[in-house]
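Got your viewer open? Let's take a walk through this structure, one selection at a time.

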Amino acid sequence: MPPVSQAWLNELYQKESSRVLSTLIRLLGDFDLAEEALHDAFAAALTQWPGGGIPDNPRAWLVSTGRFKAIDQLRRKARFDVSYEDVAERLEAELVAGEEEEHGIEDDRLRLIFTCCHPGLAPEARLALTLREVCGLTTEEIARAFITATPTLAQRIVRAKAKIRDAGIPYEVPEADQLAERLESVLQVIYLIFNEGYSASVGDTLLRHDLAAEAIRLARLLCTLLPEPEAMGLLALLLLQDSRRAARVTADGDLVLLEQQDRALWDRQQISEGSNLVVRALASRRFGPYTLQAAIAALHAEADSVEATDWPQIVGLYDALLTLTPSPVIELNRAVAVAMRDGPAQGLHLIDSLLARGELIDYHLSHAARADLHRRLDRKDEARAAYRRALELVQQGPEQRFLARRLAELDVG
Amino acid sequence: MKYLALVYYDEKLMEQKSQQEWDALNRECIACVEGLSKDGHYITGSPLLPTSAATTVRVRDNRVTVTDGPFAETKEQLAGFYMLEARDLNEAIALAGKIPPARYGSVEVRPARELVETGNQAGGNAAEPVEEETGEAP
């Protein structure tokens, strides 16, 4: 038996707090009450376990202790406000009736995920609530990662919890007819958390990287709890994108394009796990946009070079993606793939017709892509003009430096 | 003929009212409902929790989409109301998705609150102060 030290308890907290919390929320029917109960239970463990020994099932002990502590708490509050008396009585009655543990603890974790990602909550509140309640990050950690003031973030979480309570957002995995749409909201939250960690160029890079790792952990948890094809597709997409992390920026924080990345730096283990998931998701024939994007990422990841990439299949996957979710940004990506398959002129033609339709005119990447294709066709003046337009529109430092470098190279080459 | 009276007000201004002012107003509302009922004018109605507790549902291409709160800009006006009995927000969203005008406009789903003489708050239950949001390990 390990000695009960603060460090050991901290480790137990890391491992079990989210599970215990998710069950306490179901049993107590209130986020704040459950959080308080969770902390009380761990505090009790810290005083009781060193002398009395660790219980056989620490998780069950924590749940039941938390429950008793919550009822005590309500009884204390009832002395000043009788309205708490009813709640305390109901919880005690349930405790006596012993309706418990037939719901698996894993179901509670899934309930918690669906509740935190409920589309009735504001989008930014979903991210914050999920990171705090499901991933167990502190409000300070989340605030730092999102470069938001802690009180602002705390307020966002308080409002979200109030909405859950006041609007009657249930603590449940949605029924079959709502599941697909709700799963979409969960997947979107995970994807946004990942993107926040992966693509943003401001703030503390280490903390942001943690967000990407958290998102992968969440996607993995979701796949275990609910092995839906799109959940697998999302996990695959995150793994495949993350596999290129070491190669996509230089030590100075400059962006490296896919074609110039050192493929030896790509994480082979993540690539093979991602690719296997893509195959499984595609085989289900119930896949969606995340799986298709992952399939495209897998084709890039498995190729030895840009030239050796299976561009015809990538164009085909973009076609499928456009049928599912029509979007000018996907059309732009498809145009770049077409340029690789059929030549720069063909790609350019597609981008120009996109712009002629009034789409993506103010999007720096459409001009950057045009510039690159003109450059490959050796049309320096057109390339220069397009790089300048892209530079006017770009927001992020590393992308800005990349475009400026390309523009300068034109004059040398 | 039937009429639906929809009450609009500036929530921020109402939240600034003192508890006494707010209680007095609620008592006036109760008296008003009693008066209307006695005269046979009152069919059904309810005060609502503030917009911070609202959820908006839409149906486009047979897909239900859900967003937080009502629209900030007042381009869409209330066109009628259904009082629904639902187990929770998920059931209410499912019911709201069946209302035909959801295809053209939107249906705002808002929980009703109890009209009591004293003790309720202009900000609903949501107006709790921020506290203990750190959640550190023990």
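## First stop: chain B as a whole

Buried residues account for 25% of the 138 residues in chain B. Keep in mind as you look around that this is a predicted model. Colour chain B by secondary structure and you'll find three helices and three strands. Starting at the N terminus, the elements come in the order α-α-β-β-α-β.

Now switch on a surface for chain B. It exposes about 9,700 Å², and 54% of that is supplied by carbon and sulfur atoms. To get a feel for how the chain folds back on itself, take the contacts in chain B between residues at least 6 apart in sequence: 69% of them join residues at least 24 apart.

## Select residues 19-38 of chain B

This is helix H2(B), with 20 residues. Try a ruler on its end C-alpha atoms: they are 28 Å apart, and that agrees with the 28 Å the helix should span at 1.5 Å a residue.

Which residues of H2(B) are buried? Pick out Trp22(B), Asp23(B), Asn26(B) and Ile30(B). Turn the view so that you look down the axis of H2(B): these buried residues fall within an arc of 100°, so they line one face of the helix. There's a general pattern behind this kind of spacing: an α-helix has 3.6 residues a turn, so residues three or four places apart point the same way.

What covers that buried side? Part of the answer is helix H1 of chain B, residues 11-15. Spin round to the face of H2(B) turned away from the buried side, and you'll meet the exposed residues Gln20(B), Glu28(B) and Lys38(B). Before you leave, click on Gly40(B), which follows H2(B) and has a positive phi, near 75°.

## Select residues 82, 84 and 95 of chain B

Put the surface back on. Tyr82(B), Leu84(B) and Leu95(B) make a nonpolar surface patch of about 280 Å². Leu84(B) sits in the loop between strand S2 (63-68) and helix H3 (89-96) of chain B. Is Leu84(B) buried, exposed or partly exposed? With a relative accessibility of 38%, Leu84(B) counts as partly exposed.

Glu85(B) is also found in the loop between S2 and H3 of chain B. This residue is exposed, with a relative accessible area of 73%. Which residues does Glu85(B) touch, not counting those up to four places away in sequence? Show Glu91(B) and Leu95(B) to see them. Glu85(B) and Leu95(B) are ten residues apart in sequence, and their C-alpha atoms are 9.4 Å apart in space.

While you're here, add Arg87(B) and Asp88(B), whose side chains meet in a salt bridge at 3.3 Å, N to O. Asp88(B) is buried, at a relative accessible area of 13%.

## Over to chain A: residues 32 and 161

Over all chains, the salt bridges come to 34. For one of them, select Asp32(A) and Lys161(A), whose closest N and O atoms are 3.0 Å apart. Asp32(A) belongs to helix H2 (residues 31-52) of chain A and Lys161(A) to helix H8 (residues 150-167) of chain A, so the pair ties together parts that are 129 residues apart in sequence.

How open are the two ends? Asp32(A) is partly exposed at 28% relative accessibility, whereas Lys161(A) is buried, with a relative accessible area of 4%.

## Residues 362 and 389 of chain A

Here's another salt bridge: Asp362(A) with Arg389(A), the closest N and O atoms being 3.5 Å apart. Asp362(A) lies in the loop between helix H17 (344-356) and helix H18 (364-376) of chain A, and Arg389(A) in helix H19 (residues 380-393) of chain A, so this pair ties together parts that are 27 residues apart in sequence. Asp362(A) is exposed, with a relative accessible area of 58%, while Arg389(A) is partly exposed at 28%.

Now go back to Asp32(A) and widen the selection. Salt bridges that share partners join Asp32(A), Glu35(A), Arg132(A), Glu133(A) and Lys161(A) into one network.

## Last stop: residue 241 of chain A

Finish on Gln241(A), in helix H11 (residues 229-242) of chain A. Gln241(A) is buried, with a relative accessible area of 15%. Which residues are in contact with Gln241(A), leaving aside its neighbours within four places in sequence? Light up Tyr191(A), Phe194(A) and Tyr198(A).

Methods:
Residues numbered from 1 in each chain as written. Chains lettered and ligands numbered in written order. Predicted model: local features only at pLDDT ≥ 70, side-chain atom pairs only at ≥ 80, totals over all residues. Heavy atoms only, no water. Helix = DSSP H or I, 4+ residues; strand = E, 2+ residues; numbered from the N terminus. Expected span 1.5 Å × (residues − 1). Buried < 20%, exposed > 50% of the residue type's maximum accessible area, 1.4 Å probe, protein only. Arc of directions from axis to C-beta. Contact = heavy atoms within 4.5 Å. Areas by Shrake-Rupley, 256 points an atom, 1.4 Å probe, with all protein chains shown as cover. Patch = residues over 30% accessible without salt bridge, like charges linked within 9 Å, V, L, I, M, F, W, Y side chains within 5 Å. Salt bridge = Lys/Arg side-chain N within 4 Å of Asp/Glu carboxyl O.
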